[in-house]
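Got the viewer open? Let's take a walk through this one together, a selection at a time.

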Amino acid sequence: MAAHKGISITHQLEPYEWSNEETAAYEAAIEAVNGAVGAYSARIAAEEAEPNPDPEVIREARAAQTRLAREREELRSTNREQIAAARQRYAQLARDVREGTA
């Protein structure tokens, strides 16, 4: 492991000024993804509580959670279009999962 001599690698990052609107939109997008992850958690818990849980339902829900975690990491606060689309998409996905239509 290379020594950084007390200098953080973050000193190489370019400064970025966030507006309150951008901050709120990004946080809402993250929360929308988290809501979808939580909906899959509820699906997993419900399936595990069944007398004869279907391992395929559980496997698919866990795979979806993994995919969502990757997608959450790909969100860029500077990409307004991506953030707006993510907010809508993941909020709808959470509703669909809760309703059993996803």
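What follows is a tour that goes from the whole chain to pairs of helices and then to single residues.

**Stop 1: the whole chain**

Before clicking on anything, keep in mind that you're looking at a predicted model. Show the chain as a cartoon and you'll find three helices and zero strands. Reading along the sequence gives the pattern α-α-α. Of the 102 residues in the chain, 25% are buried. Now think about contacts between residues at least 6 apart in sequence: 64% of these join residues at least 24 apart.

**Stop 2: α1 and α2**

Select residues 20-49 for helix α1 and residues 55-74 for helix α2. Their axes are 9 Å apart, and the helices pack at an angle of about 165°. How do α1 and α2 run relative to each other, roughly parallel or roughly antiparallel? Angles over 145 degrees count as roughly antiparallel, and that's why α1 and α2 go down as roughly antiparallel. Their crossing is left-handed.

Want to see the contact itself? Turn on side chains for the α1 residues Ile30, Val33, Asn34, Ala36, Val37, Tyr40, Ser41, Arg43, Ile44, Glu47 and Glu48. From α2, add Val57, Ile58, Ala61, Arg62, Ala64, Gln65, Leu68 and Arg72. Colour this contact by class and you get 11 nonpolar, three polar and five charged residues.

**Stop 3: α2 and α3**

Keep α2 and add residues 80-99, which make up helix α3. The axes of α2 and α3 come within 11 Å and cross at roughly 160°. So here's another pair that is roughly antiparallel, and the crossing of α2 and α3 is left-handed.

For this contact, pick Arg67, Leu68, Glu71 and Glu74 on the α2 side, plus Gln82, Arg89, Tyr90 and Leu93 on the α3 side. The contact of α2 with α3 splits into three nonpolar, one polar and four charged residues.

**Stop 4: α1 and α3**

Now hide α2 and look at α1 with α3. Their axes are 8 Å apart, at an angle of about 25°. That makes α1 and α3 roughly parallel. α1 passes α3 in a left-handed crossing.

On α1, the residues to pick include Glu22, Ala25, Tyr26, Ala28, Ala29 and Ala32. Among those they meet on α3 as a group are Arg80, Ile83, Ala86, Arg87 and Tyr90. By class, the contact of α1 with α3 has 16 nonpolar, one polar and five charged residues.

**Stop 5: tyrosine 90**

Time to zoom in. Centre on tyrosine 90, in helix α3. Is tyrosine 90 buried or exposed? Its relative accessibility is 4%, so tyrosine 90 counts as buried.

What does tyrosine 90 touch, leaving aside neighbours within four places in sequence? Light up Ala32, Val33, Ala36, Leu68 and Glu71. For a distance check, click the C-alpha atoms of tyrosine 90 and alanine 29: they are separated by 7.8 Å, though the residues are 61 apart along the chain.

**Stop 6: glutamate 71**

From tyrosine 90, hop across to glutamate 71 in helix α2. A polar contact of 2.4 Å joins the side chains of these two residues. Glutamate 71 has a relative accessible area of 16%, and under 20% is the cut-off for buried, so glutamate 71 is buried. Not counting residues within four places in sequence, glutamate 71 is in contact with Arg89 and Tyr90.

**Stop 7: valine 33**

Next, select valine 33, over in helix α1. How much relative accessible area does valine 33 have? The value is 0%, so valine 33 is buried.

Set aside residues up to four places away in sequence, and valine 33 touches Leu68, Arg72, Leu75 and Tyr90. One of these, arginine 72, is 39 residues away along the chain, yet its C-alpha atom is 6.5 Å from that of valine 33.

**Stop 8: glutamate 22**

Finish at glutamate 22, in helix α1. With 12% relative accessibility, glutamate 22 counts as buried. Which residue shares a polar contact with the glutamate 22 side chain? Select arginine 80: its side chain makes that contact, at 3.2 Å.

Key: Residues are numbered from 1 along each chain as its sequence is written. This is a predicted model: local features need pLDDT of at least 70, side-chain atom pairs count only at pLDDT 80 or more; totals for chains, interfaces and linings use all residues. Side-chain values use heavy atoms; hydrogens and water are left out. Helices (H or I, at least four residues) and strands (E, at least two) are DSSP runs, numbered from the N terminus. Buried means under 20% relative accessible area, exposed over 50%, partly exposed in between (1.4 Å probe, protein chains only). Contact means heavy atoms within 4.5 Å. A polar contact is a pair of N or O atoms within 3.5 Å; within protein, one must be able to donate a hydrogen and the other to accept it, and residues adjacent in sequence count only if both atoms are side-chain atoms. Axes are lines fitted to C-alpha atoms, for helices over the stretch in contact, and angles run from 0 to 180 degrees between N-to-C directions. Angles under 35 degrees count as roughly parallel, over 145 as roughly antiparallel, 65 to 115 as roughly perpendicular and the rest as oblique. A crossing is left-handed if the near helix is turned anticlockwise from the far one by less than a right angle, and right-handed if clockwise. Ala, Val, Leu, Ile, Met, Phe, Trp, Tyr, Cys and Pro count as nonpolar, Asp, Glu, Lys and Arg as charged, and the others, Gly among them, as polar.
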